[in-house]
Amino acid sequence: MISIYTSAFNLIQNQFDYIPALQEFSIFAHEVVVAINTSRDNTLSAIKELSSELGNIKVVSCDFSYNDPWLDGKIKNYALQNTSKLIKISLDMDEYVPLNQKSL
């Protein structure tokens with residue numbers, strides 16, 4: 001059983017195309033955990049809406065300071081702490097899994 005975990009914030013504001021990545025992650029993994037730091041846009045609601053469509057995306061919200069030099073690492077660690085599967089893979093949303101189906 002595989003968990004993919006990642007972080008997200010201000011995806012909408014930055015016009016980042018996150019949907020293909022999360023669709024691919026949800027095909028490959030049994031669980032996708034997305035930690036969303038307090039965003040200045042509607043990233044949280046957009047990811048929650050997509051998670052209801054895909055089914056295996058778990059959205060967790062956190063609130064770390066944007067001034068923290070370790071911000072990205074802290075958000076990813078928060079996502080990791082919320083995974084539940086045996087195998088855990090950290091991927092950024094600009095990385096893709098080259099498989100089109102669950103193979104494990």
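The legends below describe close-up views of a predicted model.

**View 1. The largest pocket and its lining residues.** The volume of this pocket is about 160 Å³. Its lining is made up of T6, S7, A8, F9, L11, F16, D72, K76, D92 and M93. Two elements, β1 (2-8) and α3 (71-81), each give two or more residues to this lining. β1 supplies the largest share, with three residues. Sorted by class, five of the lining residues are nonpolar, two are polar and three are charged. Rolling a probe the size of a water molecule over the atoms shows where empty space is left.

**View 2. Strand β1 and its two rows of side chains.** β1 is mostly covered, with seven of its seven residues buried. I2, I4, T6 and A8 point one way from the strand, while S3, Y5 and S7 point the other way. Residues of both groups are buried. In a regular strand the side chains alternate between the two faces of the sheet. T6 and A8 from one group, and S7 from the other, also appear in the lining of the largest pocket.

**View 3. The pairing of β1 with β2 and β4.** β1 and β2 (31-37) run parallel, and six bridges join them. In this pair, S7 stands opposite A35 of β2. β1 also pairs with β4 (87-90), again in the parallel sense, over four bridges. Here I4 is the residue that stands opposite I89 of β4.

**View 4. The buried side of helix α3.** L71, I75, K76 and A79 are the buried residues shown in α3. These residues lie on the same side of α3 because they cover an arc of only 130° around the axis. An α-helix has 3.6 residues a turn, so residues three or four places apart point the same way. What covers the buried residues of α3 includes the strands β1, β2, β3 (57-62) and β4. K76 is buried and is also one of the residues that line the largest pocket, as is D72.

**View 5. P20 in helix α1 and its distance to D94.** P20 lies in α1, which spans residues 19-28. With a relative accessibility of 28%, P20 counts as partly exposed, because this class lies between the limits of 20% for buried and 50% for exposed. P20 and D94 are 74 residues apart in sequence. In space, their C-alpha atoms are 9.4 Å apart.

Methods: Residues are numbered from 1 along each chain as its sequence is written. This is a predicted model: local features need pLDDT of at least 70, side-chain atom pairs count only at pLDDT 80 or more; totals for chains, interfaces and linings use all residues. Side-chain values use heavy atoms; hydrogens and water are left out. On a 1 Å grid over the protein atoms alone, a cavity is a set of points where a 1.4 Å probe fits but cannot get out, and a pocket is an open set with protein on both sides within 12 Å along at least five of seven lines; lining residues have an atom within 4 Å of a point. Grid points are joined across faces, edges and corners, and a volume is the space filled by probe spheres set on the points. Ala, Val, Leu, Ile, Met, Phe, Trp, Tyr, Cys and Pro count as nonpolar, Asp, Glu, Lys and Arg as charged, and the others, Gly among them, as polar. Buried means under 20% relative accessible area, exposed over 50%, partly exposed in between (1.4 Å probe, protein chains only). The arc is that of the directions from the helix axis to the C-beta atoms. Contact means heavy atoms within 4.5 Å. Two strands pair if DSSP finds at least two bridges between them.
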